[in-house]
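Please open the structure in your viewer and keep the selection tool at hand. The tour below goes from one selection to the next and says what is to be found at each stop.

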Amino acid sequence: MSRETSFITKCIHVGNGVDKETGSIRRPITMANCYRLPEDASSINWSDPNQILYTRNTSANQLYLQQRLAALEGGEDCVVLASGVAALAGVFFTFLSNKSHVICSNVSYIAVYRLLNQYLPDKYGVEATLVDTSNLEEIKKAIRPNTKLIHVETPGNPTTKISDIAEISKIAKSIGALFSVDSTFASPYLQHPLELGADLVVHSLTKYINGHGDAMGGAVIGRKDLIDKIKSQAMVNLGGTISPFNAWLIMRGVVTLPLRMKQHSDTALKVAQYLESNPSVKFVAYPGLKSHPQHAIAKKQMKMYSGVIAFALKADGKTHNKFINSLELIVPAVSLGHDESLIVYTGPDDERINFYPEEFRDGYIRFSIGLESAEDIIYDLKQALEKCGL
Ligand SMILES: *Cc1c(COP(=O)(O)O)cnc(C)c1O
């Protein structure tokens, strides 16, 4: 008899094992830059990214984490790097070259925006078109004969815009382009881009997958031939390798991913509904709300709606700052997907602001709902609004 284990079981068991030396039932952190060579090392490939020789090429803890993440996304293989941006840059470096064209979401992580809008075109001749990827017609219009990659972020940071993974994968296949999805906001618990036809899934492990705000990492998951290319080109030669300690911390964090994602999603929906009902609130963007423009697509491709909300108050920038600084529980800090709720106000000077929906353009708040109770979070919002006379 055999059956495939469930997602929640994989979070606990894949990549773990008994340590041969001590019998410990958890794999230890191996903090070593290099590993003892075999007696005859003459035939070794010194840059083999799948053999543990030298930690820039791969470490033991990195290999275990790669096994676990590949299993969670249902991919053949995974490469783990030092940050989400290292993973994204690894994809672009490996699959784009001089004169090749990429189509990317115009709402995307700031480093992606800068890499594709500025550095890769200016320095290396990559052609990039940034479009609203929630609109399939805009993607089709942007296609060129040399389009090699379509990259989308869904839900998008910071607006929570949703792009239709299954439909975009059909477009990518029809033109023979690769399709990569930054699924950081969803985590592997809420959305499976590979099943929906994507070639590569990218995560900032710094966020929900680690979940505890104490380690940075990034990952790309997909077919072995594609991941091998990223490993041998971008990992070994660009050097953005993860520390074994961070890989170990993330391995520990991911154990509780399903429990955390349920809690983040349940609480975020309650908080979003509270904000939407408050007359001092100008708008709320949360994919779980019926008012979200792509709610139907989110419902189709996500299990729940995760923990990030964007909103703004009917107030000026100064009042927004006062509101943020009046919070007593929710912490003003960047990042998201941590155990504690994090909040950040961005004024109208964000370089991407013109790509955002109209209501964001005077400034907006990005709010990452933590694992505290919904009642405590809502109480904190209420008392801070009251201090601002709202
Ligand atoms: C944070 C984030 C990244 C970058 O990840 P780092 O680990 O900070 O490098 C990429 N994409 C999304 C959607 C993010 O939220």
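Before the first stop, a word on classes: Ala, Val, Leu, Ile, Met, Phe, Trp, Tyr, Cys and Pro count as nonpolar, Asp, Glu, Lys and Arg count as charged, and the others, Gly among them, count as polar. With these classes, the lining of the largest pocket divides into 10 nonpolar, 8 polar and 6 charged residues. Please keep in mind throughout that this is a predicted model.

**The largest pocket**

Select Tyr109, Ile110, Asn157, Lys207 and Arg366, which, of the 24 residues that line the largest pocket, lie nearest its centre. The space in this pocket comes to about 470 Å³. Next, colour domain 1 (7-254) and domain 2 (257-387) separately; because both domains give residues to the lining, the largest pocket lies between them. Which elements each supply at least two residues of this lining? They are helix H3 (84-95), strand S11 (342-346) and strand S12 (364-368), and H3 gives the most, with 3 residues.

**The second largest pocket**

Keep H3 selected and add helix H4 (110-124) and helix H8 (224-238), since each of these three helices supplies at least two residues of the lining of the second largest pocket. This pocket has a volume of about 290 Å³. Its lining is made up of 16 residues, and those closest to its centre are Ala89, Phe93, Leu120, Tyr124 and Leu238. By class, the lining of the second largest pocket holds 13 nonpolar and 3 polar residues, with no charged residues.

**Strand S2 and its partners**

Now select strand S2 (residues 101-105), where 5 of the 5 residues are buried. S2 pairs in the parallel sense with strand S3 (residues 127-131) over 5 bridges, and if you pick Cys104 you will find Leu130 of S3 standing opposite. To follow the chain from S2 to S3, trace it through H4, a β-α-β crossover that is right-handed. S2 also pairs with strand S4 (residues 147-153), again in the parallel sense, over 4 bridges, and here His101 has Thr147 in S4 as its bridge partner.

**From S4 to S5 and S6**

Stay on S4 and add strand S5 (residues 178-182), which runs parallel to S4 and is joined to it by 5 bridges; Glu153 stands opposite Asp182 in S5. Between these two strands the chain passes through helix H6 (residues 165-174), and this β-α-β crossover is right-handed. Is S5 buried or exposed? Its 5 residues out of 5 are buried, and both faces are covered, with Leu178, Ser180 and Asp182 on one side and Phe179 and Val181 on the other. Then add strand S6 (residues 200-204), which pairs with S5 in the parallel sense over 3 bridges, with Ser180 standing opposite Leu200.

**The sheet that holds S11 and S12**

For the last stop, return to S11 and S12, which belong to an open sheet of 5 strands in the order S8-S9-S12-S11-S10, where the pairing is mixed. The edge strands are strand S8 (281-285) and strand S10 (331-332), each of which pairs on one side only. Finally, select strand S9 (residues 308-313) together with S12, which pair in the antiparallel sense over 4 bridges, and look for Val308, which stands opposite Ser368 in S12.

How values were computed:
Residues numbered from 1 in each chain as written. Predicted model: local features only at pLDDT ≥ 70, side-chain atom pairs only at ≥ 80, totals over all residues. Heavy atoms only, no water. 1 Å grid on protein atoms, 1.4 Å probe; cavity = no way out; pocket = protein on both sides within 12 Å on 5 of 7 lines; lining within 4 Å. Points joined across faces, edges and corners; volume = space filled by probe spheres on them. Domains from an automatic or database assignment. Buried < 20%, exposed > 50% of the residue type's maximum accessible area, 1.4 Å probe, protein only. Pairing = 2+ DSSP bridges. Right-handed = clockwise from strand over helix to strand, strands pointing away.
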